[in-house]
Amino acid sequence: MSTSRRTLIATLAAVALVAMLALPSLGMGAGKNSTTIVVSLKFPAFHGKLSSPRKACLGSRKVKMYRERNGNKKLLGRDTSEDNGKWKIPVGKNLTSGAYYATVAKRGKCKADKSQVLTID
């Protein structure tokens with residue numbers, strides 16, 4: 001096999017590998033209108049911030065806080081994010097065990113997201 005043919009095959013293999021790695025991310029909601037929701041615990045409220053490269057995706061978004069335990073999901077509260085993406089949901093001081101997380105719904109071109117799960121034992 002000639003050197004130029006080996007180079008061509010190696011180049012095609014590299015292009016195919018890059019395409020295979022890139023294609024799954026296209027279907028996973030990655031994009032310029034993506035929204036990320038971050039949650040942290042600070043008594044007496046859960047609070048966080050939405051982030052998005054699109055400023056219109058930050059403000060006036062409905063954020064909901066949930067606790068999940070033994071397969072049962074309970075809505076703890078809701079808030080509307082500020083123009084800078086900040087939100088907070090008071091839940092009191094006595095937190096029971098469970099998995100706590102926040103969600104933000106899709107709105108127009110702004111995508112939905114679910115925060116990381118905070119587990120309290």
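**Aromatic pairs and the nonpolar core**

Visitor: How many aromatic pairs does the count come to?
Guide: This is a predicted model, in which local features need pLDDT of at least 70 and side-chain atom pairs count only at pLDDT 80 or more, while totals for chains, interfaces and linings use all residues. Residues are numbered from 1 along each chain as its sequence is written, and side-chain values use heavy atoms, leaving out hydrogens and water. Rings of Phe, Tyr and Trp (its six-membered ring) pair if their centres lie within 6.5 Å; planes under 30 degrees apart are stacked, over 60 edge-to-face and the rest tilted. By this rule the count is two.

Visitor: Which parts does the pair of Phe46 and Tyr100 tie together?
Guide: The pair is stacked, with 5.3 Å centre to centre and 25° between the planes. Strands (E, at least two residues) are DSSP runs numbered from the N terminus. Phe46 lies in S2 and Tyr100 in S6, so the pair ties together parts 54 residues apart in sequence.

Visitor: Which strand gives the largest share of the largest nonpolar core?
Guide: A nonpolar core is a set of buried Ala, Val, Leu, Ile, Met, Phe, Trp, Tyr and Cys residues joined through side-chain atoms within 4.5 Å; buried means under 20% relative accessible area, exposed over 50%, partly exposed in between (1.4 Å probe, protein chains only). The largest core has twelve residues, including Phe46, Leu58 and Tyr100. Strands S1, S2, S3, S5 and S6 each supply at least two of its residues. The largest share, three residues, comes from S6.

Definitions and conventions:
Helices (H or I, at least four residues) and strands (E, at least two) are DSSP runs, numbered from the N terminus.
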